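Q: I'm new to this structure, so could you pick one part and give me a close look at it? Please explain the terms as you go.

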Amino acid sequence: MTESLLKEYLDEAQLEQWHQLVDPAAHIVLTGHAGPDGDALGAALAMYHYLKMLGKDVRVVMPNLYPDFLAWLPEANRIILAHARPDEAQALMQEADLVFCLDYNAPNRLEEAAPLLLQSPARRIMIDHHLKPERFCQLAISDARASSTCEIVFSLLWQLGAFSQLGREAATCLYCGMMTDTGAFTYNSSNPALYFMIAQLLLKGVDKDRIYRRVYHNYSEKRMRLMGYLLYEKMEYLGHRRAAIITLTRDEMTRFAFRKGDAEGFVNLPLEIKGTRLSVSLREDTEKALIRVSLRSTDTFPCNRMAEKYFNGGGHLNASGGSLQMSMEEAVKLTRRAIDDFAEMLLGHPVAPVQHNE
Ligand SMILES: [Mn+2]
């Protein structure tokens with residue numbers, strides 16, 4: 001009875017297609033999006049363990065570095081970073097029979113590594129949970145209602161009858177992805193199937209409390225102080241709009257010895273203020289001349305619509321992103337305008353038009 005909680009992602013024809021793609025493939029490369037997170041890494045490493053079990057030659061190629069708090073994931077040390085080892089990554093992509101595209105829905109999500117995928121002769125399978133997937137794979141398993149790609153991978157492995165043979169390592173990777181994409185099961189996490197999956201992962205010996213500590217209690221002292229500084233000095237709280245803006249410049253990152261991943265979770269903090277429905281984070285990219293925008297909301301406020309309209313982006317209802325090419329000052333002004341524009345939805349009642357004297 002419990003098994004019916006899980007979706008069967010592959011119908012009969014797709015199941016056959018899966019086998020046509022996977023069975024004859026000797027060399028398989030697993031890829032995830034640039035700026036790989038716990039879900040991209042978890043899905044890739046779980047698939048790595050599964051495909052190894054099938055006797056495949058499997059490699060994981062990520063466009064660039066993952067945050068330090070994920071380095072403990074089983075076999076993460078085997079990941080090849082295209083950014084650091086471009087020749088090796090390219091050779092692997094050229095030799096591959098099959099490439100898995102995990103936790104992304106368009107080649108440009110690989111950023112500089114996109115040509116490696118597009119120029120590879122390998123066939124492709126996408127497993128992803130982002131909205132509006134592009135058609136660039138022979139087989140696309142896409143479900144925007146899944147809270148993580150790891151959740152989809154779980155259901156697939158279950159459907160394939162492979163789950164029972166998986167060990168604790170693969171289970172740990174899947175759990176990590178489910179946990180990180182739901183803020184440790186605090187949003188996007190009301191699907192009962194998720195808890196059936198977690199129960200199964202715990203039966204494999206996953207130590208969930210340890211995984212939580214390794215991911216969320218892994219900050220440097222500087223990161224903690226940066227968080228204090230942002231909340232005390234930088235957060236613009238727009239109580240009359242039930243919204244908040246936080247900004248982070250390169251100078252501030254240097255001052256607090258910023259390391260990749262340090263900004264993780266900052267955008268969620270203003271939502272802890274009673275009544276806040278929207279939080280927008282504006283952060284200067286460490287390499288490119290652009291501002292990375294992250295949006296988080298509670299209940300029905302559509303971040304993705306705001307991200308599409310104002311921030312050249314998109315995403316999920318409660319978690320979206322985008323980017324801006326302008327100064328931080330201009331970006332803040334634009335964000336205030338966006339918030340005013342969506343005031344009615346934020347407040348849940350009509351609002352008089354706003355005067356702008358900029
Ligand atoms: Mn994801």
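A: One term to settle before we start: a residue is called buried when its relative accessible area is under 20%, exposed when that value is over 50%, and partly exposed in between, using a 1.4 Å probe and protein chains only. You're looking at a predicted model, where local features need pLDDT of at least 70 and side-chain atom pairs count only at pLDDT 80 or more, while totals for chains, interfaces and linings use all residues. Residues are numbered from 1 along each chain as its sequence is written, and side-chain values use heavy atoms, with hydrogens and water left out.

Let's look at the manganese ion and the helices and loop around its donors. Donors are N, O and S atoms within 2.8 Å of the metal (3.2 Å for Na, K and Ca), and since water is not among the atoms, a site may look incomplete. Here the protein supplies Asp39 (OD), Asp103 (OD), His129 (NE2) and Asp181 (OD), which sit 2.2 to 2.3 Å from the manganese ion. Along the chain, these donors are spaced as D-x63-D-x25-H-x51-D. Two of the donors come from loops: aspartate 103 from the one between β4 (98-102) and α4 (114-118), and aspartate 181 from the one between α6 and α7 (192-203), so this pair ties together parts that are 78 residues apart in sequence. The names come from DSSP runs numbered from the N terminus: helices are H or I runs of at least four residues, and strands are E runs of at least two.

How hidden are those two aspartates? Aspartate 103 has a relative accessible area of 1%, so it is buried. Aspartate 181, at 17%, is buried as well.

Now follow the chain back from aspartate 181 into helix α6, residues 168-180. One partner of α6 is helix α2 (residues 38-53): their axes come within 8 Å and cross at roughly 160°. That angle makes α2 roughly antiparallel to α6. Axes are lines fitted to C-alpha atoms, for helices over the stretch in contact, and angles run from 0 to 180 degrees between N-to-C directions. Angles under 35 degrees count as roughly parallel, over 145 as roughly antiparallel, 65 to 115 as roughly perpendicular, and the rest as oblique. The crossing of α2 and α6 is left-handed, meaning the near helix is turned anticlockwise from the far one by less than a right angle; clockwise would be right-handed.

Which residues of α2 meet α6? On the α2 side they are Gly38, Asp39, Gly42, Leu45, Ala46 and His49, and on the α6 side Glu169, Ala170, Cys173, Leu174, Cys176, Gly177 and Thr180. Sorted by class, that contact has six nonpolar, five polar and two charged residues. Contact means heavy atoms within 4.5 Å. For the classes, Ala, Val, Leu, Ile, Met, Phe, Trp, Tyr, Cys and Pro count as nonpolar, Asp, Glu, Lys and Arg as charged, and the others, Gly among them, as polar. Notice Asp39 here: besides meeting α6, Asp39 is a donor of the manganese ion.

Another partner of α6 is helix α8 (residues 208-216), packed at an angle of about 60° with the axes 11 Å apart. That makes α6 oblique to α8. This crossing is right-handed. From α6, Thr172, Tyr175, Cys176, Met179 and Thr180 meet Lys208, Ile211, Tyr212, Val215 and Tyr216 from α8. The residues of this contact split into seven nonpolar, two polar and one charged. Cys176 and Thr180 appear in the contacts of α6 with α2 and with α8.

Back to the loop between α6 and α7, where phenylalanine 185 is found. Most residues other than glycine have a negative phi. Phenylalanine 185, though, has a positive phi near 60°, and it is buried, with a relative accessible area of 18%. Asparagine 188 lies in the loop between α6 and α7 too, with a positive phi of about 55°. At 47% relative accessibility, asparagine 188 counts as partly exposed.

Past the loop, α7 packs against helix α5 (residues 149-159), the axes coming within 11 Å and crossing at roughly 70°. α5 and α7 are therefore roughly perpendicular, and their crossing is left-handed. Glu151, Phe154, Ser155 and Trp158 of α5 touch Leu194, Phe196, Met197, Gln200 and Leu201 of α7.
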